[in-house]
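Work through the exercises below with the sequence and the model side by side, and try each task before you read its solution.

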Amino acid sequence: MARVALVTGGTRGIGAAISQALKKAGYTVAANYGGNDEAANTFKNKTGIPVYKFDVGDASACETSIRKIEADLGPIEILVNNAGITRDGMFHRMTFEQWSAVIRTNLDSMFACTRPVIEGMRERGFGRIVIISSINGQKGQMGQSNYSAAKAGVVGFAKALAQENAAKGVTVNVIAPGYIATEMVQAVPEEVLKTKILPLIPVGRLGEADEVARGVVYLASDEAGFITGSTLSMNGGQYMV
Ligand code: NDP
C-alpha cells in the first residue's frame, strides 16, 4: 500500500508543489490549509488531492484532524511541516501580536503537527519528517526577527527529534529555501528583483517551488534513511552554511 503523506500548508505555493510531487512519486497525499477555502478547493479539483482545513498552531485541532486523516487514508508515515506565515516589521516597532502569530504558526506547529504522528511512526519503525525552514532562519533578516527566530528554532527541534527517533527508523530533516518564485516573491516589482534580489543569488535566478518539492521527495523516500538531523540549503548559493 502507498505510504500516506501529510503536507501542512499543502494547497498553495511551495506546499502545493510538494503535495503534487509526492502524489506523482506514488504517495497517498493529504494537503492541509488554514483558511483560504477557494484556493484549497481549486487545488483539490485540479489535483484530486484531499484537503483538510485546520490551524497548525492549534494543538487540539491538529490532533483531531490528524486522527480524521488517518481514519480516511491510513497512518501518516511522511509529515511535511511546511505551513508558515510572515508578519514583518522592525523589532523596535513590532507588536506582540506580530511576534506570537509567527511563533505560533511557524514554531508551535512543530509540536502541534508532529506530536500526534510521532508515536505511530516509532511503533511502526518508519517515519519521515521534513520541515521547511528558510535562509532567513540561517542568516537572520532585518525586519523578520520573529520569522528568523521561528525558522532557526525548527532546526534545533529537528536535530533533537532526529536523535530521539533515529533508532526507530524515523528521520527528521530540514530544507532551508532561499528566494523561491512563489506568488509572493513574483509580486515584487521587476526592477527591485533585478537590482536588489538577483545580484545576491550567485546562480542568477529565483528558485522554483518544484525544486524544493524534489528535495522533499528525496528526503521522504525509503532510500534516504541514512540522512537525519540535516539541513539542506536550497538558495542558489546566496548563503553557504
Ligand atoms: P504561501 O503563503 O504561498 O502558502 C502558505 C500555505 O500555508 C497555505 O496553504 C496556507 O493556507 C497555509 N497556512 C498558513 N497559515 C496556516 C495555519 N495557521 N494553519 C494551516 N495552514 C496554514 O507560502 P509559501 O509557499 O511561500 O511558503 C511555504 C513555506 O516555505 C513556509 O514555511 C515559508 O516560510 C517557507 N519559505 C518560503 C519561501 C519563499 O520564497 N516563498 C522562502 C523560504 C521559506 P491558506 O491557503 O488557507 O492560507
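## Exercise 1: From one strand pair to the sheet

Task: Which sense of pairing joins β6 and β7, and over how many bridges? Then place this pair in the sheet to which the strands belong.

Solution: In this predicted model, strand β6, which spans residues 170-177, pairs with β7 in the parallel sense, and four bridges connect the two. One contact to find on the display is that of Val174, whose bridge partner in β7 is Thr231. Next, widen the view to the open sheet, in which seven strands follow the order β3-β2-β1-β4-β5-β6-β7 with parallel pairing. The edge strands of the sheet are β3 (51-53) and β7 (231-234), each of which pairs on one side only. Neighbouring strands are turned against each other by 20° on average, with direction ignored.

## Exercise 2: The surroundings of β5

Task: Trace the neighbours of β5, and decide how many of its six residues are buried.

Solution: Begin with β4, which pairs with β5 in the parallel sense over four bridges, and note that Ile129 in β5 is the bridge partner of Leu79. The chain passes from β4 through α4 to β5, and this β-α-β crossover is right-handed. Helix α4 (residues 96-124) lies across β4 (76-81), β5 (127-132) and β6, and runs at about 155° to β4. On the β6 side, six bridges join β5 to β6, and these strands run parallel; here the bridge partner of Arg128 is Thr171 in β6.

Now turn to the side chains. In a regular strand they alternate between the two faces of the sheet. Taking buried as under 20% relative accessible area, one finds Gly127, Ile129 and Ile131 buried on one side of β5, and Arg128, Val130 and Ile132 buried on the other. The count is therefore six of six residues, and β5 is mostly covered.

## Exercise 3: The two sides of α2

Task: Which residues of helix α2 are buried, and why do they line one face of the helix?

Solution: The buried residues of α2 (residues 37-47) are Ala40, Phe43 and Thr47. Seen down the axis of α2, these buried residues fall within an arc of 65°, so they line one face of the helix. In an α-helix there are 3.6 residues a turn, so residues three or four places apart point the same way. The buried residues of α2 pack against α1 (13-24), β2 (28-33) and β3, whereas Glu38, Thr42, Asn45 and Lys46 are exposed on the other side of α2. As a last step, look just past the helix: α2 is followed by Gly48, which has a positive phi near 75°.

Notes: Residues are numbered from 1 along each chain as its sequence is written. This is a predicted model: local features need pLDDT of at least 70, side-chain atom pairs count only at pLDDT 80 or more; totals for chains, interfaces and linings use all residues. Side-chain values use heavy atoms; hydrogens and water are left out. Two strands pair if DSSP finds at least two bridges between them. Axes are lines fitted to C-alpha atoms, for helices over the stretch in contact, and angles run from 0 to 180 degrees between N-to-C directions. Contact means heavy atoms within 4.5 Å. Buried means under 20% relative accessible area, exposed over 50%, partly exposed in between (1.4 Å probe, protein chains only). The arc is that of the directions from the helix axis to the C-beta atoms. A crossover is right-handed if, with the strands pointing away from the viewer, the path from the first strand over the helix to the second runs clockwise.
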